[in-house]
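Thanks for coming, everyone. Please have a look at what is on the screen, and then I will walk you through some of the contacts and surroundings that can be picked out in it.

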Amino acid sequence: MHSATFAKPLWQTYLLFLAPMVLSNFLQSMSGTVNSIYIGQMLGTQALAAVSGMFPVVFFFIALVIGLGAGAGVLIGQAWGARETHMVKAIAGATLLLGVLIGLVAAVLGTVFARQALTGLGTPADVLDDAVDYAHVMLWILPSLLVFVLFTQLLRGVSDTLSPLLALIVSTAVGLALTPALIRGWLGLPPLGIQSAAYAGLAGNLSAMAWLAWRLIRKSHPLAPDREFFAALRLDRVILGKVLRIGLPTGVQMIVLSLSELVILALVNQHGSQATAAYGAVTQIVNYVQFPALSIAITASILGAQAIGAGDLQRMGPILRTGLLINVCLTGGLIVLGYLLSHWLLGLFLTEDSTRAMAEHLLHIMLWSLLVFGFQAIIGGIMRASGTVLVPVVISIICVVGVQLPAAYWLDGQFGLQGVWMAFPVAYLGMLILQTLYYKLVWKHQKIERLI
């Protein structure tokens, strides 16, 4: 299976890897989107504002796990490129167990401090109680969500992007069927109001994981949950040290991004619950464009890691160039669609004309800069394949904390709400310039070696 990875033309390998991943991200965004539509249309703008306030909190924990998955994915990619299946299982087992522990800590801490956290974020008073109720349920289902997210990342390390997609189809179908049924209390189910999407999400996750376990066992997959796999579920300090060395900076980067989103959200919240609902709707559409760009970066990173594991270093340059080209076509195409369909898309979430017009203006300000975001993410992804993460992550953090946030505050003072969105392109351009300089002047002159 993995020897074939290097036999096809690179663009084909990319697309075979990317297509299920982009579809997965699309499905993930779509289930969030449709849930937001259900909540916005069936329960009103107030309820949508309450749920939108939870995005950054849940993202905080998902970010940590995605960081872990990124570190483990690079190690698994290198072990898979070197054809060391036992090592693949050992890395996966240690990482998954750590993911479960993070989920349980998140559930306990989150439940205790949910009200204080949401009050601190400046969640509008008229939606605070609903937001807290939703947060409690969301945080208790977090362990199952984190394990699901982490496991799908590990599968990609062995070039399996199809299983995560099929599992996500199961999860999405169950979740989307249950959400309206729980909102309205159809089929004798209890009407759960704003918490419906969270409970439906839990049912979807558990169904998907059961189906995924069955599929992997049936296919004798290297990551099938068999006896050997469960034996590998232990906190191996050496493996976790390497996973954390690569994964923690990525996790910290995503947490800094999510904390900066909290600062942005707090700025937006000062403009009232209408602005908060507009922020939620714009975030949904941006996700559709940003996730494919990140998927290309993840693909570049894993293909690079497999090339390093197989000792085929001359492929690193072509892998980078192909990724950048695909970003122009794929992310660029989605950006064009975003501009053309923005009025209609935002109308799916927002029923009030004034909120919709505000959201459309905000989306138009920053949408184009996601192409720039994609370029810098792909350059960072190639460097991550060799275990170089610290400097690329520090660059991202400096651009968010040192450029985006001060710019958002200053521009908010100058231009009001739209100024907050102007800060995104400024930060992304800074990231691209600095990542490119580090790649060309430092990374290309380093010796690349296997990490395991």
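**Salt bridges, rings and surface**

Let me begin with Glu 84 and Arg 450, whose side chains meet in a salt bridge at 3.2 Å, N to O, where a salt bridge is a side-chain nitrogen of Lys or Arg within 4 Å of a carboxyl oxygen of Asp or Glu. Glu 84 lies in the loop between α3 (55-81) and α4 (85-120), and Arg 450 in the segment after α16 (417-441), so the pair ties together parts that are 366 residues apart in sequence. When I speak of helices (H or I, at least four residues) or of strands (E, at least two), I mean DSSP runs numbered from the N terminus.

Before going on, I should say that this is a predicted model, in which local features need pLDDT of at least 70 and side-chain atom pairs count only at pLDDT 80 or more, while totals for chains, interfaces and linings use all residues. Residues are numbered from 1 along each chain as its sequence is written, and side-chain values use heavy atoms, with hydrogens and water left out.

How open to the outside are the two partners of that bridge? Glu 84 is partly exposed, with a relative accessible area of 24%, and Arg 450 is partly exposed too, at 31%; here buried means under 20% relative accessible area, exposed means over 50%, and partly exposed is in between, with a 1.4 Å probe and protein chains only.

How many salt bridges does a search of the whole structure find? The count is 5, and one of them joins the side chains of Asp 129 and Arg 115 at 3.1 Å, N to O. That pair links distant parts of the chain, with Asp 129 in helix α5 (residues 128-140) and Arg 115 in helix α4, 14 residues apart. Asp 129 is partly exposed at 48% relative accessible area, and Arg 115 counts as partly exposed at 38%.

A further salt bridge is formed by the side chains of Arg 234 and Asp 236, at 3.8 Å, N to O. In this pair Arg 234 is partly exposed, with a relative accessible area of 49%, whereas Asp 236, at 18%, counts as buried.

Now consider a charged residue without such a partner, namely Glu 360, which lies in helix α13 (residues 353-366). Glu 360 is buried yet has no salt bridge, and the nearest side chain of opposite charge, Arg 356, is 5.7 Å away; for this purpose Lys and Arg count as positive and Asp and Glu as negative, while His and the chain ends are not counted. What does the side chain of Glu 360 make a polar contact with? The partner is the side chain of His 343, at 3.0 Å, a polar contact being a pair of N or O atoms within 3.5 Å, of which, within protein, one must be able to donate a hydrogen and the other to accept it, and for which residues adjacent in sequence count only if both atoms are side-chain atoms.

Let me turn to Trp 80, which has its place in helix α3 and is buried, with a relative accessible area of 6%. Trp 80 and Gly 157 are 77 residues apart in sequence, but 7.6 Å apart in space, C-alpha to C-alpha. In addition, the side chain of Trp 80 reaches the backbone oxygen of Val 158 at 3.4 Å.

Finally, two residues deserve a look for their backbone angles. Most residues other than glycine have a negative phi, and most peptide bonds are trans. Leu 187, although not a glycine, has a positive phi of about 50°; Leu 187 lies in the loop between α7 (162-184) and α8 (196-218), and counts as exposed at 81% relative accessibility. Ser 220 likewise has a positive phi, near 50°, and is found in the loop between α8 and α9 (227-231), where Ser 220 is exposed with a relative accessible area of 63%.
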